[in-house]
Amino acid sequence: MAKNKKNKIYKIIYNVLIIFFTLVFIGCSIYLISYFYASKKSENKVEDLRKLMSNDKTTEVKVASTEEAQDDEMNYVVVNGQKVQRKFERVYRRNNDFVGWLKIEGTVIDYPVMQTPDNEEFYIDKDFDKKHSSAGTLFIDAYSNLEEHNDNVIVYGHNMKTGKMFHELLEYENEDFYKKHKYIQFNTIFEDATYEVIAAFRTKIYPKDYDGFKYYKFYVANTELEFDNYVNCCKSLTSYPIEPNAKYGDDLITLSTCAYHDDNGRFVVVAKKLTDEAEIQNDESSENESDDNSNKDKTISKTK
């Protein structure tokens, strides 16, 4: 009797555990399916926005009376009182929180960027159309002023397990990846701009009473020393040498996403704005020349 009773208890516990783990499995499966579905849905919306931009490029314009006015009319349009690059007209009309488009060539990072000064993190769990989304939308902090050019603009985005949004930023820990992806294109409603990466590092969000380096608190440098200190801290945290530097007066962009090396861990990429397209061409020419020399060295070594 006692043995049968014990077996009965074991059987009940076994069945309860089976039910529990089955429910956990189903719950996890539903979560993963919804997570990947939300990411896919978000990507589809972004693709629709790219098509809108493509259509904007073909918009017909009136010929203005002067060359300067003509250039302005051809490239810009006023939407709800805001002067906007014409190529972004349809995207901006769809959502006036839109401030620009960020792209890193050769990666999946190719997304709209939003700003809501009164509620900075509004798009942390919203898609472009303000509907709930676990993927969220890239957004800049409330203190950044794209029109008046802050010393630093901070752009936040999720590190999605699907590999989307800012997930690939963590690849900048690899020096070879950096060498192939040195430039960030950030075209705003005001202007197009190319930035060159100067630092990439792991860090974290610190307690309020921490008085050390907080990358997320730097927007405007009151002095040259303050600017240099920010840049030097960023470069000192980078795990490999990056030759390009930034000087006081340069515009910076800081890309931030979650990393899981620590509680509140973050991975950050910092880049400086290039003021002349020739800077990019010169740098690319130097890289090509370096590659050519490297290939020549390999050929010579093989023939010896």
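Phe98 is buried, at 0% relative accessibility. Keep in mind that the model is predicted. Its ring partner, Phe88, counts as buried too, at 2% relative accessibility.

How do these two rings sit against each other? A pair of aromatic rings is described by the distance of the centres and the angle of the planes. For Phe88 and Phe98 the centres are 5.2 Å apart and the planes stand at 70 degrees, so this is an edge-to-face pair; the angle cut-off for that label is over 60 degrees. Phe88 belongs to the loop between strand S2 (82–85) and helix H3 (89–94), while Phe98 is part of strand S3 (residues 98–103), so the contact ties together parts that are 10 residues apart in sequence.

Next up are Tyr172 and Phe177. Their ring centres lie 5.0 Å apart with the planes at 90 degrees, so they also make an edge-to-face pair. Tyr172 is buried, with a relative accessible area of 1%, and Phe177 is buried at 11%.

Here are the two pairs side by side:

| Pair | Centre distance | Plane angle |
|---|---|---|
| Phe88 and Phe98 | 5.2 Å | 70 degrees |
| Tyr172 and Phe177 | 5.0 Å | 90 degrees |

In total, the count comes to 14 aromatic pairs. There's a cluster as well: ring pairs link Phe201, Phe213, Phe218, Phe227, Tyr230 and Tyr248.

Which rings have a lysine over them? Tyr76 has Lys83 over its face, at 4.8 Å from the ring centre. Over at Phe122, the charged end of Lys126 sits above the ring, 4.9 Å from its centre.

Terms used:
Residues are numbered from 1 along each chain as its sequence is written. This is a predicted model: local features need pLDDT of at least 70, side-chain atom pairs count only at pLDDT 80 or more; totals for chains, interfaces and linings use all residues. Side-chain values use heavy atoms; hydrogens and water are left out. Rings of Phe, Tyr and Trp (its six-membered ring) pair if their centres lie within 6.5 Å; planes under 30 degrees apart count as stacked, over 60 as edge-to-face and the rest as tilted. Helices (H or I, at least four residues) and strands (E, at least two) are DSSP runs, numbered from the N terminus. Buried means under 20% relative accessible area, exposed over 50%, partly exposed in between (1.4 Å probe, protein chains only). A charge sits over a ring if NZ of Lys or CZ of Arg is within 6 Å of the ring centre and within 35 degrees of the ring normal.
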